[in-house]
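This report describes a single protein model in terms of its strands, helices, salt bridges and surface. Please consult the sequence and coordinates shown below while reading.

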Amino acid sequence: MIRITYAPADEALAHSIRADLSHRAAQTQSLLIVLASEAALAEPSVQSEIGRAQQGGALILPILTGDVELPPALTKLRPLDFRAGYKGDLLRKRVDALPAHHRAARRANRRALLIFAGLAAIMFSLAIVGMSAGLVAFPVAEYNEEATFQAQWINGLIRETLEYVQPRSTADAMNFAATYEAAPTRLHFYVRGTATAMSQQPSP
């Protein structure tokens, strides 16, 4: 199936292309022809057509009909240049060659993916072997230094406030629940970690 998306100014050219490719429509993989002009690329309907074709894996053939800078996604598709006039022979040759070119591109992409996957597997295996042999180790000293810095930073932010809510006597500890509720919400975690409540139940 062949679809053509364009701005109203290119309607006559679209009709010519459709008539020229009518006998190829049933034989061609889903193809979107974009008559690219400044007006066309500004049309939401044209942008939508391009997006659907990209998501659906359809072939896309951009054709320049005006002086416009194509987006990278269309530039890499080797657009035809019809700014000087319609070239039916060139269009037919390109349409006939598109499926083969598309298959070659997909094969190249698969090869690249397999290469990257292989490299990733090799690097992962080397890392595992290195860790098992003791050649690679986690930077414990750096982790400890970062943890110390974070502790000092937190300590500097909350120590003054905690001084007022920490229990200092048996009575304070027995009233810990009230102290906890009175503390700012952001300090609840630290209050729980630095104070212990005492049971207020009478001894038997």
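The sections below treat the strands, then the helices, the salt bridges and the surface.

The model is predicted: local features require a pLDDT of at least 70 and side-chain atom pairs a pLDDT of 80 or more, while totals for chains, interfaces and linings use all residues. Residues are numbered from 1 along each chain as its sequence is written, and side-chain values use heavy atoms, with hydrogens and water left out.

**Strands**

Helices (H or I, at least four residues) and strands (E, at least two) are DSSP runs numbered from the N terminus. Two strands are taken to pair if DSSP finds at least two bridges between them. Strand β2 (residues 31-36) runs parallel to β3, with 6 bridges joining them; Ala36 has Leu64 as its bridge partner in β3. β3 also pairs with β4 in the parallel sense, over 2 bridges, and there Leu64 is matched with Asp81 of β4.

Burial follows relative accessible area (buried under 20%, exposed over 50%, partly exposed in between; 1.4 Å probe, protein chains only). Of the 6 residues of β3, 6 are buried, so this strand is largely enclosed by the rest of the structure. Leu59, Leu61 and Ile63 point one way from β3, whereas Ile60, Pro62 and Leu64 point the other way.

Thr5 belongs to strand β1 (residues 2-5) and is buried, at 6% relative accessibility. Leaving aside residues up to four places away in sequence, Thr5 has contacts (heavy atoms within 4.5 Å) with Leu32, Ile33, Val34, Leu35, Ser45, Val46 and Glu49.

**Helix α1**

Which residues of α1 are buried? They are Leu13, Ala14, Ile17 and Asp20. These residues cover an arc of only 130° around the axis, which places them on the same side of α1; the arc is that of the directions from the helix axis to the C-beta atoms. Ala12 and Ala19, on the other side of α1, are exposed.

**Salt bridges**

The structure holds 6 salt bridges, each defined as a side-chain nitrogen of Lys or Arg within 4 Å of a carboxyl oxygen of Asp or Glu. The table lists some of them.

| Pair | Closest N and O atoms |
|---|---|
| Arg92 and Asp20 | 2.6 Å |
| Arg83 and Asp67 | 2.9 Å |
| Asp89 and Arg92 | 2.2 Å |

Arg92 lies in helix α5 (residues 88-132) and Asp20 in helix α1 (residues 11-20), so their salt bridge ties together parts that are 72 residues apart in sequence. Arg83 and Asp67 link distant parts of the chain, 16 residues apart: Arg83 sits in the loop between β4 (80-81) and α5, and Asp67 in the loop between β3 (59-64) and α4 (72-75). Arg83 is partly exposed, with a relative accessible area of 42%, and Asp67 is exposed, at 65%.

By contrast, Asp89 and Arg92 both lie in helix α5, 3 residues apart, or about one turn of the helix. An α-helix has 3.6 residues a turn, so residues three or four places apart point the same way. Arg3, Glu49 and Arg52 are linked in a network of salt bridges.

**Surface**

Ile115, Phe116, Leu119, Ile122, Met123 and Leu126 make a nonpolar surface patch of about 680 Å². Patches consist of residues with over 30% relative accessible area and no salt bridge, with like charges joined within 9 Å and nonpolar side chains (Val, Leu, Ile, Met, Phe, Trp, Tyr) within 5 Å. Accessible areas come from the Shrake-Rupley method with a 1.4 Å probe; for residues, only the protein chains shown count as cover. Phe116, one of the patch residues, is found in helix α5 and is exposed at 59% relative accessibility.
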